[in-house]
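Me: Walk me through this structure, please. I'd like to start with its open spaces and then move to its core.

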Amino acid sequence: LYGVDIGESAIEYGKTNFPLLNLSVAAAEKLPFEKQSFDIVCFFDVLEHVEDPYLCITEACRVLKQGGLIHAYVPCEGEIFTLHGILNKFGINLKKTTAGHIQTLRKDELIRMFRDCSITVTDSKWSCHLLNQIGDLAYYSFLHLSGRRLESSLEGTVEKKTNILLKLFIYCLKSVVSLIWYLESRLLWFWIGSGVHITGVKR
């Protein structure tokens with residue numbers, strides 16, 4: 001298994017905690033691998049952060065073997081029938097300032113990019129439906145109003161807390177909320193959400 005990230009601290013964390021992985025600092029737009037190196041390529045929460053999503057998909061396709069699988073999870077905050085999409089129509093993008101989401105993507109344009117890169121899309125499922133969107137916007141509204149940026153995952157933020165009871169409470173609350181969001185996505189995978197999972201095969 002190989003992994004890349006542009007964050008040096010993220011790679012150092014990975015090397016310390018997952019020593020069997022081959023991790024390196026690199027950009028998704030220029031992967032440090034030979035063409036047709038991998039049977040499977042996965043990326044999660046990447047394309048919304050980059051200047052050129054198509055270039056990243058092209059690179060993923062380059063390092064993927066013929067007939068290899070590709071899977072991606074991508075926030076689709078440009079979908080008009082979502083709370084994120086509605087706010088974006090009014091010029092409000094909370095995640096741009098707090099989490100670096102510089103792209104507001106849509107499922108149809110993502111699938112077109114995959115197809116243009118010789119990927120046959122075999123499956124796609126929606127996630128992040130109404131309850132998730134409400135919680136997501138509440139959290140990022142809090143960050144925006146307090147002038148904070150998302151420095152790490154929620155788990156990473158909680159880990160820094162010194163109060164054991166507070167840490168336990170937040171972990172329990174997060175687990176319950178995550179379960180609700182997961183069940184919501186499992187039930188409504190066919191209905192438009194603010195995130196999409198795309199699976200494909202390289203032609």
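Me: Which element gives the most to the lining of the second largest pocket?

Reply: It's a predicted model, where local features need pLDDT of at least 70, side-chain atom pairs pLDDT 80 or more, and totals for chains, interfaces and linings use all residues. Residues count from 1 along each chain as its sequence is written, and side-chain values use heavy atoms, without hydrogens or water. A pocket is an open set of points on a 1 Å grid over the protein atoms alone, fitting a 1.4 Å probe, with protein on both sides within 12 Å along at least five of seven lines, and lining residues have an atom within 4 Å of a point. Helices (H or I, at least four residues) and strands (E, at least two) are DSSP runs numbered from the N terminus, and the top contributor here, with five residues, is strand 5.

Me: How many residues has the largest nonpolar core?

Reply: Such a core joins buried (under 20% relative accessible area, 1.4 Å probe, protein chains only) Ala, Val, Leu, Ile, Met, Phe, Trp, Tyr and Cys through side-chain atoms within 4.5 Å. Val41, Phe43 and Leu110 are among those with the most contacts (heavy atoms within 4.5 Å) inside it, and its residue count is 28.

Me: What is the radius of gyration of the protein?

Reply: There are eight helices and six strands to fit in. The globule rule (2.2 Å times the number of residues to the power 0.38, with the radius taken over C-alpha atoms) gives 17 Å for 203 residues. The protein comes close to that, so it's as compact as a globular protein of that length, with a radius of gyration of 18 Å.

Key. Buried means under 20% relative accessible area, exposed over 50%, partly exposed in between (1.4 Å probe, protein chains only).
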